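Visitor: I'd like a close look at one part of this model, with the distances and cut-offs spelled out. Please start wherever you like and lead me to the metal site.

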Amino acid sequence: MNISWKSKIALLLLVPLLTYQCSDKGSPVQNGTDTELVSYSMEVQPIFDVNCIFCHGPEFSNAVLLLNTYDHIMAGTSDNGPVVIPGNSTGSLIVQKLQGIASVGSPLMPPDGPVLSLEEIQTIIQWIDEGAMNTE
Ligand code: HEC
């Protein structure tokens, strides 16, 4: 049988493509829906910097809770302890505040709104459930 040069070129292109797709199936999946872990420094801290820092930053002298660095966020406050419980977003005070269901202090953060978008809240929830690590 005589294979035309066009078919040969098609095969040459097809074989690496199929090999690549098959080998890709073995890539690790960290959770059911999303293969990317949330980045603390790229995705989480910027949310606090934009929405929270003017009340929860070092410039604000009576800030009970500092949200300007990872260590401060994880330290929580002497009043209510940690606000982030790694692996437990529903038990984390910071998530309860973002959802307006906190039972201590003002139930909603920011207290006078505007509430964060569902997407921003979901990013923080996912970060906490992934272990609330100081990821790049
Ligand atoms: C307008 C000022 C203001 C803004 C903006 C603000 N907060 Fe607050 N926040 C406060 C004050 C005042 C308290 C202490 C009283 C209270 O808990 O209601 C507080 C308390 C908290 C607490 C509870 C700390 C504890 O241990 O009791 C959390 C968690 C919190 N804020 C998270 C946030 C987050 C996250 C944002 C941004 C999305 C935010 N806040 C934005 C003023 C603010």
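Guide: Let's start at Leu67, which sits in the loop between helices α3 and α4, the latter covering residues 70–75. Helices here are DSSP runs of H or I with at least four residues, strands are E runs of at least two, and both are numbered from the N terminus. Please keep in mind that this is a predicted model: local features need pLDDT of at least 70, side-chain atom pairs count only at pLDDT 80 or more, and totals for chains, interfaces and linings use all residues. Residues are numbered from 1 along each chain as its sequence is written, and side-chain values use heavy atoms, with hydrogens and water left out.

With a relative accessibility of 4%, Leu67 counts as buried. That word means under 20% relative accessible area, while exposed means over 50% and partly exposed is in between, using a 1.4 Å probe and protein chains only. The C-alpha atom of Leu67 is 6.5 Å from that of Phe48, although 19 residues separate the two along the chain.

Now a step back for orientation. The chain has 6 helices and 0 strands, so its elements read α-α-α-α-α-α from the N terminus on. Buried residues make up 30% of its 136 residues.

Next comes the metal site itself. His56, through NE2, and Met109, through SD, coordinate the iron atom of the ligand at 2.0 to 2.2 Å. This pair ties together distant parts of the chain: His56 belongs to helix α3 (residues 53–56), Met109 belongs to the loop between α5 (93–98) and α6 (118–129), and their positions lie 53 residues apart. Donors are N, O and S atoms within 2.8 Å of the metal (3.2 Å for Na, K and Ca), and water is not among the atoms, so sites may look incomplete. Around the iron atom of the ligand, the 6 donor atoms subtend angles of 87 to 178°, and therefore the arrangement is octahedral. For six donors, octahedral requires opposite donors over 155 degrees apart and all others between 65 and 115; four donors are square planar by those limits, or tetrahedral if all angles lie between 85 and 135 degrees, and anything else is irregular. As a yardstick, the ideal angles are 90 or 180 degrees for six octahedral donors and 109.5 degrees for four tetrahedral ones.

The two residues that coordinate the iron fall into separate burial classes. His56 is buried, because its relative accessible area is 15%. Met109 has a relative accessible area of 22%, so it is partly exposed. Just beyond Met109, the peptide bond from Met109 to Pro110 is cis, with omega near -10°. In the loop between α5 and α6, where Pro110 lies, Pro114 is also found. Gly113 and Pro114 are likewise joined by a cis peptide bond, with omega about -10°.

Moving outward, there are 21 residues around the ligand, and those that come nearest are Cys52, Cys55, His56, Asn80 and Met109. A residue is near a molecule or strand if one of its heavy atoms lies within 4 Å of it. Three polar contacts deserve a look, each a pair of N or O atoms within 3.5 Å; within protein, one atom must be able to donate a hydrogen and the other to accept it, and residues adjacent in sequence count only if both atoms are side-chain atoms. The side chain of His56 has an N or O atom 2.8 Å from a nitrogen atom of the ligand. Thr77 places a side-chain N or O atom 2.6 Å from an oxygen atom of the ligand. Asn80 likewise has a polar side-chain atom 2.6 Å from a ligand oxygen. The elements that supply two or more residues to the shell around the ligand are α2 (40–51), α3 and α5. Helix α5 gives the largest share, 4 residues.

One last stop is helix α2, where Asn51 is found. Asn51 is buried, at 18% relative accessible area, and a polar atom of its side chain lies 2.8 Å from the backbone oxygen of Ile47.
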